[in-house]
Structures are given as C-alpha cells and as structure tokens.
Amino acid sequence: TMSWGASCWRSLTVGIILTSIYANEKSFLVMPDDITFLDLGLQIAQEREAIGIAIDRVLESGVLMNGVELGEFERELAEWHGGDEVEVVGVASGTSAIGLLMRAAGIGAGDEVIVPAFSCPATWFGVADAGAVPVAVDVEFGSRLIDPERVSAAVTDRTRAVLAVHLYGQCCAMDSLRAVCVRHGLRLFVDGAQSIGIRSGGSRVAALGDGAAVSFYPTKNLGALDDAGAVLTCDAALAERVRSLREYGRDGAGCYRLKGTNGRMGEMQAAVLRFRLGTLEEGNARRETLARRYLEGLAGLEEFGVSLPGNESASVWHLFVMSIAGREKLRERLKTEGIGTAVHYPVSMEDMECFRDVGGGDCEWARRLADEVVSLPLHPRLAVGDLERICDVVWEEVRKLSAA
C-alpha cells in the first residue's frame with residue numbers, strides 16, 4: 001500500500017506531466033472541438049491506471065535516475081527488435097540521440113553528414129549539435145524519402161556518414177543506401193524518430209543501419225510523458241561510447257575520459273515506456289488498418305493532382321500525409337468542419353534561416369513538399385466513422401478546388 005506522501009507525490013507528478021503535455025501539443029497542433037488531430041488526453045485517460053502503477057514503482061524505489069526501470073526498458077526494447085546483438089541506450093530525447101550517435105562515431109567539427117532536405121528540424125539540429133555540417137540532399141517526391149542516387153552525387157572528401165530519415169514511419173531504401181555507403185566508405189545512420197518497429201526486408205534490425213536514433217516524444221507511436229529517446233545499434237563499442245557520453249563522458253570506473261553531456265533518460269519515462277511497449281504492436285497494427293482505409297477512401301484523388309502516401313515501402317504509419325497545391329484552403333475547410341490537421345513540415349531545411357550558412361543543392365522536391373504537405377488525423381483511437389467523414393470532406397473540397 002502506498003504511503004500518504006507517496007500518493008501525494010504521484011498525484012502531483014502526474015498532474016504536472018499532463019499539464020506539460022497539453023501545453024506542448026496545443027502550441028503546434030490544431031485542436032478543434034470535433035475530430036482532433038491527436039488527443040493525448042484521451043490516451044492518458046484510458047491508460048491512467050497503468051501509468052499510475054508505473055510511476056508508483058519509481059516513487060517507491062526512491063531511484064529517479066539510472067535505476068532498474070531504464071535498464072529493463074533498454075533490455076526489453078532490444079529484445080523486441082528481435083536481434084540478440086541489438087543494444088539500446090536510453091537518452092534524454094530524439095535530438096540528443098542523434099547528436100550522441102554522431103559524437104560516439106567520432107563525427108565532429110569539419111565533418112559532413114548527408115541528410116535529407118525534407119525532414120523534422122531535429123534531424124539537422126542533432127548533426128549540428130555534434131559540430132558536424134549537415135549537407136542537404138533532395139528527396140523523392142513520391143516517397144518523401146532521401147534519394148540514394150542524389151546521396152552518391154553529394155559525397156565529398158569530408159563526408160563521414162549518411163543520416164537517412166524513415167520519415168512518417170516509412171522505411172528508406174536501405175539496400176541502395178548501404179551500397180552507396182560501402183562504395184564511399186561511409187557510415188549509414190538512421191533517424192528513426194517516427195519509425196519505431198519499422199522493418200527493412202522483413203527485419204527490424206536491418207532498418208537500424210549502423211545505428212539509429214529514435215524519439216519517444218509524447219506524439220510518437222511509442223511515446224513517453226515527456227522528452228525521451230534512445231540509440232539502437234548492433235555495434236557494441238558504439239553503444240558503450242553513447243552510454244559514456246550521456247553521463248558527461250564517465251566510464252564504468254567513474255573516470256571522465258570523454259567530453260560528454262547530460263543526456264540521460266529518467267526512470268519515470270522508462271517505466272511508462274515499458275508499459276507502452278507492450279501495446280505498441282497492437283497500436284501499429286491499428287494505424288496500418290486506418291491508413292489502408294484512408295487509401296481506399298481517397299483513391300482517385302491523384303486525378304486532381306493530389307499525391308497520397310505510396311505502398312512501395314514498409315511503414316508503421318506514424319503520420320498519414322498527402323500533398324496538394326491548395327493545402328491551406330483544404331486545411332481551412334477541414335477546420336470549419338471541426339477536423340484538425342497539421343503540417344509536417346512547412347519549410348525545406350536548407351531554407352531555414354539558421355542553416356543558410358550551410359547552403360545546399362537544388363532541392364526542388366523538398367521545397368514543393370514543404371508547400372503542399374498536410375497531415376490528416378491518424379492514431380489508434382481514431383474512429384472509422386470519423387475517418388470516413390474526413391475522406392468525404394477532403395473529396396468535396398478537392399473537387400471544389402479543381403473546378404475553381
């Protein structure tokens with residue numbers, strides 16, 4: 001039985017976490033009254049008892065950092081990926097995971113890392129955090145994923161690695177990218193922030209490249225209650241360096257041999273992630289079912305210049321993203337119907353002011369996608385009836401825009 005003090009602490013902790021999540025989500029997602037883009041409050045309400053049990057374990061242990069929960073989560077996530085050789089290192093965020101992965105690989109000042117021009121800004125910031133230079137390569141318009149042929153053309157004598165992004169939950173062309181990296185002597189890393197559990201050639205391990213950075217931000221398929229992330233790799237030496245770097249560069253003997261940082265994942269996040277990992281397979285399957293319903297309900301929009309997600313690559317369907325020239329008119333119509341949307345992402349990375357000094361190539365597809373992409377609601381709690389209503393409104397507005 002919990003003590004009165006522990007009970008108070010749990011209530012206070014959960015309250016603070018929920019308030020923080022709501023504030024963060026509201027800052028960048030449309031939150032209408034009818035069909036929300038993403039309702040984290042509903043998810044948490046359905047999981048409240050299990051979340052409370054997870055938090056209770058941490059409070060009763062009195063260990064808030066580097067305890068049993070983190071170690072068990074790392075072990076369980078490694079096993080879930082299906083390879084005995086996989087190692088998981090829990091860290092503070094997905095962005096931190098990218099930076100630590102780069103630094104652990106010895107990538108730093110003056111080194112170039114090839115990245116897609118169209119991605120979440122965290123991809124570029126993680127590379128920059130290591131002191132390296134992100135080099136923009138255009139994506140394929142249909143898949144929205146990095147183009148292997150353009151990767152090969154972007155290699156210079158300063159290139160050290162390729163950081164591919166499994167954007168929206170889709171899997172990049174790993175075999176083609178690996179061939180490019182082998183030919184040029186490069187490391188192949190993955191930003192898997194949106195693709196936990198994705199398979200390449202049927203293997204989750206193959207989708208990790210030489211190492212993958214993943215995010216457990218609350219909106220992800222596997223989300224924590226705050227920022228959290230991990231590095232996954234089959235390279236034991238690389239994993240050990242990440243473990244050291246996340247602890248200021250300290251080794252197992254307590255000596256500080258590397259210039260590290262504070263990049264740890266807390267015990268509460270690890271405890272909640274352990275519970276949610278057990279529901280991830282079911283959640284991803286539900287996402288795929290809903291995505292297929294979207295594809296069926298929106299089939300034919302291509303005749304009106306709309307681009308829908310393709311079926312040519314594996315996906316865990318973190319997002320359902322279409323592109324349309326009249327994006328803002330479509331979003332406004334959906335908003336008036338009480339349907340939330342989001343844009344992932346509104347700016348090609350090479351066009352961001354903070355990266356103008358880096359420069360880039362002619363990334364026309366990335367710029368076009370930034371102008372046209374719109375994300376429709378897609379999460380395990382989305383009702384099929386709501387999805388069908390969304391499809392009906394999209395069809396009505398697309399026909400209207402086409403006739404104008």
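How many bridges join S5 to S6, and do these two strands run parallel or antiparallel? In this model, which is a predicted one, three bridges join S5 to S6, and the two strands run parallel. One of the pairs in that stretch can be named, since the bridge partner of Val-190 in S6 is Ala-212.

Let me place that pair of strands in the sheet. The sheet is open and has seven strands, in the order S1-S7-S6-S5-S4-S2-S3, and its pairing is mixed. At the edges stand strand S1, residues 87–91, and strand S3, residues 133–137, each of which pairs on one side only. From one strand to the next, the twist averages 25°. As a general reminder, the strands of a sheet pair through backbone hydrogen bonds, and they do so either parallel or antiparallel.

I will go along the sheet from S4 towards S1. Strand S4, residues 159–165, runs parallel to strand S5, residues 187–191, and five bridges join the two; within this pairing, Leu-163 stands opposite Phe-189 in S5. After S5 comes S6 in the strand order, with the parallel pairing that I opened with.

The next pairing has the other sense, for strand S6, residues 211–215, and S7 are antiparallel to each other over four bridges. Here Val-214 stands opposite Ala-230 in S7, and Ala-213 has Val-231 as its bridge partner in S7. S1 and S7 also pair in the antiparallel sense, over five bridges, and the bridge partner of Val-89 in S7 is, once again, Val-231. Val-231 is therefore a residue to look at on the screen, as it is given as a partner both for Ala-213 and for Val-89.

How many of the residues of strand S7 are buried? Five of the five residues in S7, which covers residues 229–233, are buried, so this strand is largely enclosed by the rest of the structure. Gly-229, Val-231 and Thr-233 point one way from S7, while Ala-230 and Leu-232 point the other way, and the residues on both sides are buried. S6 is likewise mostly covered, with five of its five residues buried: Gly-211, Ala-213 and Ser-215 point one way from the strand, and Ala-212 and Val-214 point the other way.

Two helices that lie across the sheet deserve a mention. Helix H5, residues 121–129, lies across strand S2, residues 112–116, and also across S3, S4 and S5, and it runs at about 175° to S2. Helix H7, residues 174–184, lies across S4 and S5, running at about 145° to S5.

Now to the second largest pocket, whose volume is about 370 Å³. Its lining consists of 22 residues, and those that lie nearest its centre are Glu-47, Thr-279, Gly-283, Pro-380 and Arg-381. Helix H2, residues 40–61, and helix H9, residues 267–298, each supply at least two residues of this lining, and H9 gives the most to it, with nine residues. Sorted by class, the lining has seven nonpolar, eight polar and seven charged residues.

Finally, there are some backbone details for anyone who wants to inspect the geometry of the loops. Which peptide bond is cis? The bond from His-344 to Tyr-345 is cis, with omega near 20°, and Tyr-345 has its place in the loop between helix H10, residues 327–336, and helix H11, residues 364–372.

Tyr-168, although it is not a glycine, has a positive phi of about 65°. Tyr-168 is found in the loop between S4 and H7, and its relative accessible area is 2%, which means that it counts as buried. Trp-317 also has a positive phi without being a glycine, in this case of about 50°. Trp-317 lies in the loop between H9 and strand S8, residues 320–323, and with a relative accessible area of 5% this residue, too, is buried.

Definitions and conventions
Residues numbered from 1 in each chain as written. Predicted model: local features only at pLDDT ≥ 70, side-chain atom pairs only at ≥ 80, totals over all residues. Heavy atoms only, no water. Pairing = 2+ DSSP bridges. Axes fitted to C-alpha atoms, helices over the stretch in contact; angles between N-to-C directions. Contact = heavy atoms within 4.5 Å. Buried < 20%, exposed > 50% of the residue type's maximum accessible area, 1.4 Å probe, protein only. 1 Å grid on protein atoms, 1.4 Å probe; cavity = no way out; pocket = protein on both sides within 12 Å on 5 of 7 lines; lining within 4 Å. Points joined across faces, edges and corners; volume = space filled by probe spheres on them. Nonpolar A, V, L, I, M, F, W, Y, C, P; charged D, E, K, R; others polar.
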